[in-house]
Amino acid sequence: MPWRIVVGLKDGVRDARGERVRAEIRRHLGIELESVRTLDVYTVDAELTDDEVVAAANGPFCDPIIQQAAVNQPLAEDFDILIEVGFRPGVTDNVGRTAREAIQYLTGRSFADGEGVYTSTQYLLKGAVDKQTAETIAGDFLANGLIQRWTILAADELDPAKGVPVNVPRVVGSAEPTVRTISLDVSDEQLLTISRDGMLALNLEEMKKLQAYVADPATREKRCARGLSAELTDVELEALAQTWSEHCKHKIFSAKIDYTDDNGNRQLIDSLFKTYIVGATARVRENLGERDFCLSVFKDNAGVIRFNDDWSLVFKVETHNSPSALDPYGGALTGIVGVNRDGVGTGMGARLIFNTDVFCFASPFLDKPLPKRLLHPRRIFDGVVEGVEHGGNKSGIPTVNGSIVFDDRFAGKPLVYCGTAAIMPAELNGRPCHEKAVQVGDHIVMTGGRIGKDGIHGATFSSEELHEGSPVTAVQIGDPITQRKMFDFLTIARDRGLYNSMTDNGAGGLSSSIGEMAEDTGGCELHLDRAPLKYPGLQPWEILISEAQERMSLAVPPDKLDEFLQLAKEMDVEATDLGTFTDSGYFHCLYRGETVAWLDMEFLHQGVPQMVIPARWTPKALREPGLAMPQDLNLELSALLGRLNICSKESVIRRYDHEVQAGTVIKPLVGVANDGPSDAAVFRPLLDSFEGTVVSHGICPSYSDIDTYHMMACAIDEGLRNYVAVGGDIEHVAGLDNFCWCDPVLSEKTPDGEYKAAQLVRANQALYDYCVAFGVPLISGKDSMKNDYQIGDTKISIPPTVLFSVIGRIEDVRRAVSMDVKRPGDLVYLLGVTRDELGGSEYYAAHGELGRNVPKVDAGYALDLYKRLNRAQRQGLVASCHDLSDGGLGVALAEKAFAGGFGIRADLTAVRTDVPLRDDTLLFSESQSRLLVSVHPELRDDFEAVFAGTDCALIGEVTEDGRLEVTGTDGRVLIDSRIEDLKQAWQAPLREL
Amino acid sequence: MAKEIRAIVIAGNGTNCEREVAHACRLAGAEVVDIVHIAELLAGRVRLDDFHFLNLAGGFLDGDDLGSAKAGANRLLHARVADSEEHLADQLQRFVADGKLVMGVCNGFQLMVKMGLLPALDGNYQQQTATLTFNDGGRFEDRWTYLAVDPDSPCVYTRGLQGIYLPVRHGEGKFVPGDDALLERIESAHLVPLRYATADYQPTMTFPENPNGSVAAIAGVCDPSGRLFGLMPHPEAYVHRTHHPRWTREPELPEEGMGLWLYRNAVEFLRSEVV
């Protein structure tokens, strides 16, 4: 009989968690409770003595100073309703895992297979609540029905002797492992049924390619020799579906696109990826010549560039949108720890140095009914923020840069971008560390976590829109500690030369990781029955494609195998020999000695047919709104500062450790009160050197509604502008693109596919044009192409969004520049030209308008400005520098002033323009490539000399009086506000979140 | 020839700050600074006895899954060193008895308190008498704090200091003594070398200067000998001026960060009194 250990706070101890839950129930659901208290429950299902359980309850499970524990009896009292929330069977339970280890240390004995500890939480609600309200509280706030279940008891229903009935969420596997075969010798309609029912996400053409493959007599003969029939096994079909998924094969970016532009010119683009992304990098590297700093691009889990002679930088950004829509916490946590494996699993392995995160949400204050299956944006916000918090903080990786973009269309799918950078020695044991190669005969070794049913069909699921049948098993929960232990182990194994290659197990599980590694040698022999399982009852195909987290696959040479496994054991990391890499030409899987998959490597990796996608660019008929000149620009500015896309994100930033590793030189929050918005992060990865790396990003989906070409150009410029603002070297910087699109393939479901595909083409064209013009190579990237919600007649598509992340170098971090003004009397310069470019701006959005004049970028012009800025920074001439983006000059002036704690007096007549502009346009236009700089007056001549002949306008000065005072073109004072008031307007909206 | 100061930083199972702690020890003048994975200690290949200065670094031991550092404390108490009857905790008690130095930062402080190493009145280093629990705000916070120093504390690390400025980065940093009597005793014995304070170094209970609602604004605690010391703020995170959040606007900041002073004091103490 399992034990239940309940742990609660002693009388009189403040229950901070309960108080927070009470406050959030009020905010989320509008339900006012008198009090909420919490209890932790451990359900222990193992061969133990009563004494051992009591020792655990009063030892590791209970803090004797503030807590008390009860075994097999309730602690709950003085409540109206009790809600106990626990995990469903098979869901990762990190606390349960730690609790189990704690008991093992205590007793000195290991748990047997099938034994475990399961955790749950009791919430004791007091106040006017009935069971129906409690059901709402449980289902809409405390728990996520996909991964958790709950029990609700009224006070008189709780058994005073035994407490809440015991419920052990053990996975009971009954199914004997079997391998089914599937006949593809069927009608087209049936082929599609097979794909749909099996969650394979393969289209008819792809299914027919499989049909033809098995029907080929030559294939059939070889299969027979292996004991297989002409029908594909479920293992084979699943392996093919994973490998051919949009998620893994990027079929849209590899497609042929039949593109017609607005002038009727038709062009056949053979792969957007090859043409524009790989193409741009090749061109940039050619132009860089000897200065080329790229080391490994596109081919590995992350891109690698040179940091200095001895060290290389690794960078990758991923998205985890679909899982985060279903389970925001688990989805986001898995997103960050997943991208961490990409960083570590690059080349021969790297050490993580920082994370970045960018989220796109609908307003957390959204106040209208949501379509079925969508979680309220507020829950998404909370869950995602907490997931990334746990993933980053617990892994000891500082989160140094990020942002949150709001648009109500992100209610359909939130975007969760998680980035990570790592550092590796330039050379390892005499060879470049960024290179790796599996050798024939190497053992396939899987390390880290065990395999369960979690994450089955994650890759195919994220290749679809969110729909009614989106599977619960697609959700996983990460385990940062198991992963951390694995990374510690792998670093030592790397330095001892114990393996030849490694990669992470992400989407598609072993099927992808081993499938890809096997390309080095041309085959593998993988024994699925040897894989360690979380619980029995997994089918062979499930073992192959499960995306259970915290796993890496390695190629270990036979003579190093014993040493590798021994080291793993000592460091308490699971490592299992699953077979060998071969040169058979086949992806060969066995289960208990029987062949269950025998697939031609060439067919597996190259067989997927190339899609042909029609695209037609028809610009929308848009016009400028012709707003009346506002009466009071103080009010306009203050309202803009309080808009979600501009306001302070401090409440989120402070929840992320942005300083662990002691390398963060320019932090996300800067200025006199440590609360101003930094443009970019400067990080010193080597504690004994002042060389630094700089990271920033650009993202501007609002411009996509006008033209994705300029959206892309602006995102690139914004990323680079932020980067140079803090001192990043514009001649040593790489880019990384993350496309998040709505489905661009013309179909019944997507009648506007041609337009969306054209938007995709245009964004790619800009990506090529501007990366080449700026001399910025792309080193890696990712696309997520099905960010739509469709249930019934309701379809929500996200605005086309590209996150453009940049990473580069600063020679000496002591030359880095922050955005806050430094002292009264300093001169304020505006670099760049202001144009009538309010299209897609925050100012227009505040007035419910879109407009037409989207900002455009002149890369040559911008590059010259950025190079000069770098020169001024190196000479120590720049006291502060802040980029102009959302909200334009008005917002930048305000932010710069209140961050520095001084006023600014500025005059709009000095602003450089191409044609005379209205005052509100001057203040709020979002023209690109502009920066606001402050300079000590004694350096004026030197500074102006650097910018001689450019658009460098002295527009004002820093003042002692704490006011932002802006004079208009007619000499009238337009803005005169106290900086405290402006700061208050900027901080208020998200302060409590 | 002067003997060398040997510092050890224990790593593994969720420690995160071992590299920067080791760096601080080196800058402070320790001749040998080893980052040692706990597996090495449990395998018996490295022994605490060979060091003078034990550093328990910040992080999330076992994810803080059972409460901060609880599972970690349980491991140290119960895990045996390979091929011996000794627990790691036995080596630790001997280390303390030998008059050596132990500093725990953040998760290391939580670990020391939960193992009973702090405040350790009456020579009892094995019984937990206080705790560190959830911040009053219920959330993890990364923020810089001013810390008032008690000049009368026996703490060897804070000797000669008046006030320091360091970041906190924790969700469970609220110090709670077992009872009022304990609080009275540690205060009267000056075992609270550091308190959260306002910018002019006056102890405060007001958020955010006191980031977690710690009782009596306690940010750090030492044992009566002053050799064992734990604190929630991170001294290793401020060893150079570029660590300071306002270094770009405060040109008068010295090159060396305030956190380094604690490590310098430790090394100086060892050189003059132990080694």
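A:H320 sits in the loop of chain A that runs between strand 13 (311–319) and helix 12 (321–326). This is a predicted model, and in it A:H320 comes out buried, at a relative accessible area of 17%. UniProt, in an unreviewed entry, puts A:H320 under "active site" together with A:H247. The two span 74 residues in sequence, yet their C-alpha atoms are no more than 11.1 Å apart, so they gather at one spot.

**The annotated active-site pair**

- Setting aside residues up to four places away in sequence, A:H320 touches A:G331, A:T334, A:G335, A:V416 and A:Q476.
- One of those neighbours also offers a polar atom: the backbone nitrogen of A:G335 is 3.5 Å from a polar atom of the A:H320 side chain.
- The other annotated residue, A:H247, belongs to helix 9 (residues 246–249) of chain A.
- Is A:H247 buried or partly exposed? It's partly exposed, because its relative accessible area is 24% and the buried class stops under 20%.

**The annotated binding site**

- The record, again an unreviewed UniProt entry, lists A:K316, A:D737 and A:G781 for "binding site".
- Those residues span 466 positions in sequence, but no two of their C-alpha atoms are more than 9.5 Å apart, so here too the annotated residues gather at one spot.
- A:K316 is part of strand 13 of chain A, and it's buried with just 6% relative accessible area.
- What does the side chain of A:K316 reach at 2.7 Å? That would be the backbone oxygen of A:N301.
- Beyond its sequence neighbours up to four places away, A:K316 has a long contact list: A:N301, A:A302, A:V339, A:D342, A:C418, A:G419, A:T420, A:L736, A:S780, A:G781 and A:K782.
- A:G781 is in strand 33 (residues 778–784) of chain A and is partly exposed, at 25%.
- Leaving out residues up to four places away, A:G781 touches A:K316, A:L736 and A:D737, which ties it to both of the other residues in the "binding site" annotation.

**A helix pair in chain A**

- Helix 13 (residues 328–344) and helix 16 (residues 480–495), both of chain A, pack at an angle of about 5° with their axes 11 Å apart.
- The two helices are therefore roughly parallel to each other.
- From helix 13 the contact draws on A:L333, A:V337, A:N340, A:R341 and A:V344, while helix 16 supplies A:P480, A:Q483, A:M486 and A:F487.
- Sorted by class, that contact has six nonpolar, two polar and one charged residues.

**Two arginines with aspartate partners**

- B:R249 lies in the chain B loop between strand 11 (228–231) and helix 7 (259–274), and counts as buried at 14% relative accessibility.
- Its side chain makes a polar contact of 2.6 Å with the side chain of A:D820.
- Apart from neighbours within four places in sequence, B:R249 is in contact with A:G671, A:V672, A:D820, A:V821, A:K822, A:A899, A:G900 and A:F902.
- A:R170 is in the loop between strand 6 (148–154) and strand 7 (181–182) of chain A, and is partly exposed at 36%.
- A 2.6 Å polar contact joins the side chains of A:R170 and A:D45.
- Not counting residues up to four places away, A:R170 touches A:D45, A:P89, A:G114 and A:Y118.
- A:R170 and A:V117 are 53 residues apart in sequence, with a C-alpha to C-alpha distance of 9.5 Å.

Conventions
Residues are numbered from 1 along each chain as its sequence is written. Chains are lettered from A and ligands numbered from 1 in the order in which they are written. This is a predicted model: local features need pLDDT of at least 70, side-chain atom pairs count only at pLDDT 80 or more; totals for chains, interfaces and linings use all residues. Side-chain values use heavy atoms; hydrogens and water are left out. UniProt positions are given in the numbering used here, feature names are shortened, and annotations may be inferred rather than shown by experiment. Helices (H or I, at least four residues) and strands (E, at least two) are DSSP runs, numbered from the N terminus. Buried means under 20% relative accessible area, exposed over 50%, partly exposed in between (1.4 Å probe, protein chains only). Contact means heavy atoms within 4.5 Å. A polar contact is a pair of N or O atoms within 3.5 Å; within protein, one must be able to donate a hydrogen and the other to accept it, and residues adjacent in sequence count only if both atoms are side-chain atoms. Axes are lines fitted to C-alpha atoms, for helices over the stretch in contact, and angles run from 0 to 180 degrees between N-to-C directions. Angles under 35 degrees count as roughly parallel, over 145 as roughly antiparallel, 65 to 115 as roughly perpendicular and the rest as oblique. Ala, Val, Leu, Ile, Met, Phe, Trp, Tyr, Cys and Pro count as nonpolar, Asp, Glu, Lys and Arg as charged, and the others, Gly among them, as polar.
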